[in-house]
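Let us take a walk through this protein together, starting with a small detail and widening the view as we go. Please keep the sequence and the 3D view at hand.

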Amino acid sequence: MTLAAEPAAGADLAANRPGALSAQRARELTRAAPVGARMHHALRRTDPLGTLRGVADAEQRVGLALDRLDPSWRVLHSVPIGPAHPVISHLVIGSGGVFTLLSRRHRRWRRDAASLDRVVAMVDRDELYIDGLALPYLPQARAQAWRAARALSAAIDEPVHVRPAVVLVGCDDVRFHALPDGVEVLTRARLVRRLTAFPPVLTAAQVEQRHETARAGATWADAPWST
């Protein structure tokens, strides 16, 4: 889980780089237990440090994809939502609405897999599998969108709808047995095309209002997180 510090009230989140908080947390774990971190890396074991490094890499790669959006879109990276919750990888605001993106990386896990094997995610309503392993990304993405909507709605004093999405890096395709409720599941290659396909729901003025609100650290530091 990618945890981050409490958001600073005076911070301008527009300065955050993709993957910055995940990479920072990985460095902190390495400093806290350098020998264990090296052993896990050498043995290729799944561990919190490796997970954080993978998340940081995914966020950086998705950040590069988001650079291809039209300048009318606004993007924030590494949005902290408190020490007990993963950071929002990316908050994207444009004419098609407000989106939270949960970026995650996956490599071929079977060492005997041929280099031409495709990595395919399988989605069956609220379940997401890669290489047969169930992953908790759909509820995590929904929770982040809920928190973002709550923070922005409170700061703007009007309802703000936020659509969650899971963006998979290192995954060639996503196949659906049954569509998930209210969550987009995409490969990085399809991300920009999908975002720009949404019909317009926000004016240019509303996009700027939501962006200016979202970039202020106080929006997240002072948010009413309780239900």
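Strand β5, covering residues 127–130, runs antiparallel to β6, and 3 bridges join the two. If you would like one place to look, find Y129: its bridge partner in β6 is A134. Strands of a sheet pair through backbone hydrogen bonds, either parallel or antiparallel.

From this pair you can step out to the whole sheet. It is an open sheet of 4 strands, and reading across gives the order β6-β5-β4-β8, with mixed pairing. At the edges lie β6 (133–135) and β8 (173–178), each of which pairs on one side only. If direction is ignored, neighbouring strands in this sheet are turned against each other by 30 degrees on average.

Now for the wider setting. What you are looking at is a predicted model. The protein chain contains 7 helices and 9 strands. Of its 227 residues, 45% are buried. The chain exposes about 11700 Å², and carbon and sulfur atoms supply 53% of that area. How far along the sequence do contacts reach? Among contacts between residues at least 6 apart in sequence, 68% join residues at least 24 apart.

Charged side chains offer another way to trace such links. Side chains of opposite charge can pair when their charged atoms come close. The structure holds 11 salt bridges, and three of them make good stops on our tour.

Begin with D57 and R105, whose closest N and O atoms are 3.6 Å apart. This salt bridge links distant parts of the chain, since D57 sits in helix α3 (residues 48–66) and R105 in strand β3 (residues 97–105), 48 residues apart. Are the two partners buried or exposed? D57 counts as buried because its relative accessibility is 17%, under the 20% cut-off. R105, at 26%, counts as partly exposed.

Next, look for R210 and E158, whose side chains meet in a salt bridge with an N to O distance of 3.1 Å. Here too, distant parts of the chain are linked: R210 belongs to helix α6 (residues 204–215), while E158 lies in the loop between α4 (137–156) and β7 (162–169), 52 residues apart. R210 is buried, with a relative accessibility of 4%, whereas E158 is partly exposed at 32%.

Stay in helix α6 for the last stop. R215 forms a salt bridge with E212, and their closest N and O atoms are 3.3 Å apart. Why are these two separated by about one helical turn? They are 3 residues apart in helix α6, which means a separation of about one helical turn. Both count as partly exposed, R215 at 23% and E212 at 42%. The pair also belongs to a network of salt bridges that links D12, E212 and R215.

Finally, how confident is the prediction? The mean pLDDT of the protein chain is 84, and 77% of its residues reach 70 or more. Among the elements, α6 has the highest mean pLDDT, 98, while helix α2 (residues 34–43) has the lowest, 47. Over residues 37–45 the pLDDT is below 50, and this stretch has 7 contacts in the model beyond near neighbours in sequence. Residues 109–115 also stay under 50, and for them the model has 9 contacts beyond four places in sequence.

Notes
Residues are numbered from 1 along each chain as its sequence is written. This is a predicted model: local features need pLDDT of at least 70, side-chain atom pairs count only at pLDDT 80 or more; totals for chains, interfaces and linings use all residues. Side-chain values use heavy atoms; hydrogens and water are left out. Buried means under 20% relative accessible area, exposed over 50%, partly exposed in between (1.4 Å probe, protein chains only). Contact means heavy atoms within 4.5 Å. Accessible areas come from the Shrake-Rupley method with a 1.4 Å probe; for residues, only the protein chains shown count as cover. A salt bridge is a side-chain nitrogen of Lys or Arg within 4 Å of a carboxyl oxygen of Asp or Glu. Two strands pair if DSSP finds at least two bridges between them. Axes are lines fitted to C-alpha atoms, for helices over the stretch in contact, and angles run from 0 to 180 degrees between N-to-C directions. pLDDT is the predictor's confidence in each residue, from 0 to 100.
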